[in-house]
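Here are some notes to read with the structure open beside you. Take the points one at a time and find each piece on screen before moving on.

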Amino acid sequence: MINISLNSENISFQRPIREHKGKKVSQLIDDYIVLDIETTGLDPYFDEIIEICALKISGDNIIDQYSTLIKPENPIDDFITELTGITNDMVENAPDIKCVLPTFLSFVGDSIIIGHNIHFDINFIYDKCVDHLKMYFGNGFLDTMRISRHLFPEISSHRLINLAFEFNLVSKPTHRALSDCKCTHELYRYLKKYITDNNIDSSSILNPKKNRITSKDIISQKSSFDENHPLYGKICVITGKLDKMSRTEAMQIIADFGGINFDRVTKDTDYLILGNNAYCHTIKDGKSTKQKKAEKYILEGVDLSIISENVFYDMLDLD
């Protein structure tokens, strides 16, 4: 536990370390458990689980499910009832958390867990397992929210309900565990298909910090450059996913033409290169933070150009 003392009031606060918590898995999978819980609040220390659902998936298809309401020790307040539709009458004869956890854990086994903002669900279950069973919940996991954020940074909100409408998913979340599980399952299948269809290296999405290449990592081995080439000496920033090559490959090409790669847009930026998907998405006003900043600088009179991936390739072919 971590102890924090507030000297002014001599208050001691303890936060669980969760050192035995499972790890994020590094590959896309076909067999897993989709998990969602409903709670009386956001803090596992003070709040309680009032509903839990787990869908067992094999080959991306639902083959079994575990779902139950849970009777909390304290009454459900009006806000949570309004949000979830779960009333005190509904949980009056439901099992308590001590009875639910063993059957839930038996159903889940050692399967990988998938959920939307899954750390929230896992933290609750981990702490309740420690409190009531004196054991750890250590299953590995994947988070559809984080995958979505890395794939579609231009989307303003990655809440499950927003993504359900953004991607025209059949299932819609309702703040009930079963419906949210079904929507998360459909979302994961959508994201996985998108990654496959667009030949995206899944490791760059599932382990972005480990695999991310920054502009500082790109160095040209060439000793001489064509100083008349339009990229020579120009500061270039790339945003969005490129269709025809990885961002690392594009940055290497820029460096080999004597250009300068940079990770963020400044007033010194010469070219902001938008991946074709990002460029097309701007028609719907789904602009990235980098593009919005570039547009702001352009309106202020900065000599900066926003170009599509195709225009970037045209520049490479210039004689």
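1. A word on pairing before we start: two strands count as paired if DSSP finds at least two bridges between them. Keep in mind, too, that this is a predicted model. With that in hand, look at strand E8 (residues 235-239) and strand E10 (residues 271-274), which pair in the parallel sense over four bridges. Within this pair, Cys 236 sits opposite Tyr 271 in E10.

2. Now zoom out to the sheet around that pair. Four strands make up an open sheet, in the order E9-E8-E10-E11, and the pairing is parallel. Strand E9 (260-261) and strand E11 (305-308) are at the edges with a single partner strand each, so each has one side without a neighbour in the sheet.

3. What lies across E10 and E11? That's helix H13 (residues 309-316), which runs at about 90 degrees to E11.

4. Next, helix H10 (residues 247-256). Its Ala 250, Met 251, Ile 254 and Ala 255 are buried. Look down the axis of H10 and these buried residues fall within an arc of 140 degrees, so they line one face of the helix. A handy thing to remember here: an α-helix has 3.6 residues a turn, so residues three or four places apart point the same way. And what covers the buried residues of H10? The cover includes E8, E9, E10 and H13, which ties this helix to the sheet in point 2. Just after H10, Gly 258 takes a positive phi of about 90 degrees.

5. Over to helix H3 (residues 97-108), where you can try a quick length check. At 1.5 Å a residue, its twelve residues should span 16 Å, and the end C-alpha atoms are indeed 16 Å apart.

6. Which side of H3 is hidden? Ile 97, Val 100, Leu 101, Phe 104, Leu 105, Phe 107 and Val 108 are buried. Viewed down the axis of H3, the buried residues stay within an arc of 155 degrees, so they line one face of the helix. Lys 98 and Ser 106, on the other side of H3, are exposed. The buried residues of H3 pack against strands E3 (32-39), E4 (49-58), E5 (61-69) and E6 (113-115), as well as helix H4 (118-133).

7. Finally, check both ends of H3. Asp 96 caps the N-terminal end, with a side-chain oxygen 3.2 Å from the backbone nitrogen of Lys 98. Just after H3 comes Gly 109, with a positive phi of about 60 degrees.

How values were computed: Residues are numbered from 1 along each chain as its sequence is written. This is a predicted model: local features need pLDDT of at least 70, side-chain atom pairs count only at pLDDT 80 or more; totals for chains, interfaces and linings use all residues. Side-chain values use heavy atoms; hydrogens and water are left out. Helices (H or I, at least four residues) and strands (E, at least two) are DSSP runs, numbered from the N terminus. Contact means heavy atoms within 4.5 Å. Axes are lines fitted to C-alpha atoms, for helices over the stretch in contact, and angles run from 0 to 180 degrees between N-to-C directions. The expected span of a helix is 1.5 Å times one less than its number of residues. Buried means under 20% relative accessible area, exposed over 50%, partly exposed in between (1.4 Å probe, protein chains only). The arc is that of the directions from the helix axis to the C-beta atoms. A polar contact is a pair of N or O atoms within 3.5 Å; within protein, one must be able to donate a hydrogen and the other to accept it, and residues adjacent in sequence count only if both atoms are side-chain atoms.
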